[in-house]
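These are my notebook entries on a structure I had not examined before. I set down what I looked up, in the order in which I looked it up.

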Amino acid sequence: MNQSQYSAMQQTALVSNNGLKPVDYRSDTVSMPSEAMKLYAASCPLGDDVFEEDPTVKALEEKVADLLGKPAALFFPTGTQSNLAAVLSHCQRGEEVLIGDNYHIYRDEARGVSVLGGVTMETMTTDKTGRLLLEDIKAAIKPDDPHCAITRLVCLENTVSGCVQNQQELDAIADYAHKNNLSVHLDGARLFNAAAAQESAISDMAKKADSVSLCLSKGLGTPAGSVLVGSRDLIKRAKRNRKMLGGGMRQVGFLAACGIYALDNNVNRLVDDHRIAKQLANELSTIEQLEVDLDLVQTNMLFIRPRANNHQQLQEFLGQHNVLIGGQVPFIRMVTHMDILEEDAERTVDLFKQFYQVK
Ligand SMILES: Cc1ncc(COP(=O)(O)O)c(C=O)c1O
């Protein structure tokens, strides 16, 4: 099959029965690798990465380490494994992590750090923007007392549910943690979104964290992959943990190449996703039957609540028109990404208005 036949097949796969392009708001993970990304990946040299012989993986790791201003980096298949290997590299069994109660490592990673690592998690209540308070961290650090777990690590996250965290506050938490012999891990699955939203250098946002996990398969649009950065020592431990967790991969330069392509081509365009999310939120907020918290629309996510609790009917109606949303209750999360264009958002708003019979 030549390239154009292959592209035609891909396009057909994307267009469902009713001929409308699917517009999928369930997550930014659903975006498809572009043809250019795939062609670039196909052109990169490969080797066995467990033998440390894949030049493309090495190039990606060096690139991300440089971008984040850290000495070393390690490629992982997923963000979950990268976070888990990081926590296991910072903590021993019986030690404790302080973490926000709605952060991904605590809520959405099957409690792997506890189940597999014997590391406990103490949660801090966060507000709706995911903000963690220094006072709560101070109060949660355990004394040197045999009754208590040994507090070892603070886990931060940015963005949290699309919300950008205040950098000064994160830095103050990290400074306090370090003064108290704790390490700091930052789950920066969408750190590039946070950087784009506040026009910050990503290295400044990573500076005080001892390790940072970045996802390439969300807003950056690769099929898979995350990168953990930190000191050489930390990354050496993380490499052993990655192997133990089954994440040592072979000719994985294919995926790493997608990451290199994404870093070169898909970072500057994140502001487009943010603009479309804002536009969508503004328009949907004019529909009386919907509650939309505009303050929470800071990057590529918006949350809507059908006031009549007709989530399922709304989801089904949109689905019939190839617009896909999640089924969360009470707030449905909608995420914009590189496969959603302005005209797709306009069509989405029209469909919402049709469903709610807004003239
Ligand atoms: C904040 C955050 N951290 C980590 C992850 C885990 O990434 P993965 O799905 O690649 O395991 C996600 C996934 O959505 C996430 O949103």
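How many of the 12 residues of H4 are buried? I began with this question, bearing in mind that the model is predicted.

**Entry: helix H4**

I find that 12 of the 12 residues of H4 are buried, so the helix is largely enclosed by the rest of the structure. The buried residues include Gly79, Thr80, Asn83 and Val87. I also checked the span of H4: its 12 residues reach 16 Å from the first C-alpha to the last, close to the 16 Å expected at 1.5 Å a residue.

**Entry: the ligand shell**

I next listed the residues around the ligand. They are Thr78, Gly79, Thr80, Asn83, His104, Glu157, Asp187, Ala189, Cys215, Ser217 and Ser226. Helix H4 (residues 79-90) appears again here, since the largest share of this shell, 3 residues, comes from it. By character, I count 7 polar, 2 charged and 2 nonpolar residues in the shell.

**Entry: the whole protein**

I then turned to the overall form. The protein has 15 helices and 12 strands. Its radius of gyration is 21 Å, close to the 21 Å that the globule rule gives for 359 residues, so the protein is as compact as a globular protein of that length. Along the principal axes, the C-alpha atoms fill a box of roughly 65 × 50 × 35 Å. Of the 359 residues, 44% count as buried. I also looked at contacts with a separation of 6 or more: residues 24 or more positions apart account for 74% of them.

**Entry: the nonpolar cores**

In soluble globular proteins, nonpolar side chains tend to be buried together. I therefore looked for nonpolar cores here, and the largest has 73 residues. Val87, Val97, Val154, Leu156, Val227 and Leu228 touch the most other members. Helix H12 (residues 253-265) gives the most to this core, with 7 residues. Apart from this core lies another, of 20 residues, among them Tyr25, Ala281, Leu284 and Ala345. I followed Leu156 further: leaving aside neighbours within four places in sequence, Leu156 is in contact with Leu132, Leu170, Ile173, Val184, Leu186 and Ala209.

**Entry: backbone exceptions**

Most residues other than glycine have a negative phi, and most peptide bonds are trans. I noted the following exceptions.

- A cis peptide bond joins Asn158 and Thr159, with omega about 0°; Thr159 lies in the loop between strand S5 (150-157) and helix H8 (167-179).
- Ser161, found in the loop between S5 and H8, has a positive phi of about 45°. Ser161 counts as buried because 20 C-beta neighbours lie inside 10 Å.
- Another cis peptide bond, again with omega about 0°, joins Val329 and Pro330. Pro330 is in the loop between strand S11 (323-324) and strand S12 (332-335).
- Asn322, in the loop between H14 and S11, has a positive phi near 65°. With 19 C-beta neighbours inside 10 Å, Asn322 counts as partly exposed.

**Entry: two distances from Leu20**

Finally, I took two distances to Leu20, C-alpha to C-alpha. Gln320, in helix H14 (residues 311-320), is 300 residues from Leu20 along the chain, yet their C-alpha atoms are separated by 10.0 Å. Gln320 is exposed, with 11 other C-beta atoms within 10 Å. Lys236, in helix H11 (residues 232-244), is 216 residues from Leu20 in sequence and 48 Å away in space. Lys236 counts as partly exposed, with 13 C-beta neighbours inside 10 Å.

Terms used
Residues numbered from 1 in each chain as written. Predicted model: local features only at pLDDT ≥ 70, side-chain atom pairs only at ≥ 80, totals over all residues. Near = placed C-beta within 6 Å. Helix = DSSP H or I, 4+ residues; strand = E, 2+ residues; numbered from the N terminus. Nonpolar A, V, L, I, M, F, W, Y, C, P; charged D, E, K, R; others polar. Rg over C-alpha atoms; globule rule 2.2 N^0.38 Å. Contact = placed C-beta atoms within 7 Å. Expected span 1.5 Å × (residues − 1). Core = buried A, V, L, I, M, F, W, Y, C linked by C-beta atoms within 7 Å.
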